[in-house]
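Here's a quick walk through one structure, with a few contacts worth looking at on screen. Have the viewer open as you read.

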Amino acid sequence: MNNSLKLNNLSKKYEKNKSFKVLNNLNFEFKSGKIYSIVGPSGSGKSTLLNLISLIDVPTSGSIEFNNKKIDNKSSIENDNIRSKNIGIIYQDKNLLTDFTALENVVLPNLLISNNKSRSISLAKNMIKKLGLYQRLNHYPSELSGGENQRIAIARALINEPNIILADEPTGSLDFDNAKQIFKILFNLNNKNRIIIFATHNRYFANMADCKIKMIGGKMKITNERIK
Ligand SMILES: Nc1ncnc2c1ncn2[C@@H]1O[C@H](COP(=O)(O)OP(=O)(O)O)[C@@H](O)[C@H]1O
Ligand SMILES: [Mg+2]
């Protein structure tokens, strides 16, 4: 299936600063099979945009469409369901629940959509194995390095086989070698049905994307130039 994600006249203002449109009337279509990078200075709206796409926050006006179906901002239960089944999210840090082991963290999102616990556990184990951390299954987040935490976070984001993967500065807290490893994994997740969108401050990684988006003055600017 060819998945699509569309922004229609999407705008966002926050209650605390109503005179300022963080996102100003965005129109864009993300296509499956492609990887998108979002760059822009701190405060330019990268996280705001990713939070709207992940249905964690709602727009002030305009809409988001998944596969030609408009998201109804009022149905939060339905949207939680859409998110669980379709969207994998990775943040800069604090992705994992600290009182749960790596395995428990990865299995949780699958338990929410499945009632076969042993199957969920075996899926989670496999996912962690693929990310090279099988020997860390029973470790708590505090017992994992920053890079390992992010790899477990990726396993967690992937367990429900999402067709949209969103990563908000996923390597912002890592050194360059670990960041390279995370981006290598992220780029390998690309497939023809999937949309991958990541925000980063790192131009080296931003330039690896198929499509580069710069956030400027509440707008998205698509650029073919190398990000400098
Ligand atoms: N919950 C919030 N309430 C009020 N203003 C916010 C909130 N979240 C973000 N903002 C403001 O929105 C703008 C964009 O923030 P953000 O999307 O976090 O930018 P970026 O991720 O590019 O650094 C900033 O001016 C920020 O202060
Ligand atoms: Mg941000």
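## Asp 57 and its partner

Asp 57 counts as partly exposed, at 22% relative accessibility. This is a predicted model, by the way. The side chain of Asp 57 pairs up with Lys 12 in a salt bridge, with the closest N and O atoms 3.3 Å apart. Lys 12 sits in strand S1 and Asp 57 in the loop between H1 and S4, so the salt bridge ties together parts that are 45 residues apart in sequence.

Is Lys 12 buried or exposed? Lys 12 is buried, because its relative accessible area is just 7% and the cut-off for buried is under 20%.

## More salt bridges

Searching the whole structure turns up six salt bridges. One of them joins the side chains of Lys 6 and Glu 65, at 4.0 Å from N to O. That pair links distant parts of the chain, with Lys 6 in strand S1 (residues 4-14) and Glu 65 in strand S4 (residues 61-66), 59 residues apart. Glu 65 is buried, at 16% relative accessible area, whereas Lys 6 comes out as partly exposed at 23%.

Then there's Glu 148 with Arg 136, whose side chains meet in a salt bridge at 3.2 Å, N to O. Here Glu 148 belongs to helix H5 (residues 146-158), and Arg 136 to the loop between helix H4 (117-130) and H5, twelve residues apart. Glu 148 is buried at 13% relative accessible area, while Arg 136 is partly exposed at 22%.

## Around ligand 1

Which residues surround ligand 1? They are Tyr 14, Val 22, Pro 41, Ser 42, Gly 43, Ser 44, Gly 45, Lys 46, Ser 47 and Thr 48. Sorted by type, the shell has three nonpolar residues, six polar and one charged. Helix H1 (residues 46-53) gives the most to this shell, with three residues.

Some contacts go to oxygen atoms of the ligand. From the backbone, an N or O atom of Ser 44 is 3.2 Å from a ligand 1 oxygen, and one of Gly 45 is 3.0 Å from a ligand 1 oxygen. Lys 46 uses its side chain, where an N or O atom lies 2.8 Å from an oxygen of ligand 1. On its own, ligand 1 exposes 560 Å², and the protein buries 61% of that.

## A nonpolar patch

Over on the surface, Phe 176, Tyr 204 and Met 208 make a nonpolar patch of about 290 Å². Met 208 lies in the loop between helix H7 (203-206) and strand S9 (211-216), and is partly exposed with a relative accessible area of 36%.

Note on methods. Residues numbered from 1 in each chain as written. Chains lettered and ligands numbered in written order. Predicted model: local features only at pLDDT ≥ 70, side-chain atom pairs only at ≥ 80, totals over all residues. Heavy atoms only, no water. Near = heavy atom within 4 Å. Polar contact = N/O pair within 3.5 Å; in protein donor to acceptor, adjacent residues only side chain to side chain. Areas by Shrake-Rupley, 256 points an atom, 1.4 Å probe, with all protein chains shown as cover. Helix = DSSP H or I, 4+ residues; strand = E, 2+ residues; numbered from the N terminus. Nonpolar A, V, L, I, M, F, W, Y, C, P; charged D, E, K, R; others polar. Patch = residues over 30% accessible without salt bridge, like charges linked within 9 Å, V, L, I, M, F, W, Y side chains within 5 Å. Buried < 20%, exposed > 50% of the residue type's maximum accessible area, 1.4 Å probe, protein only.
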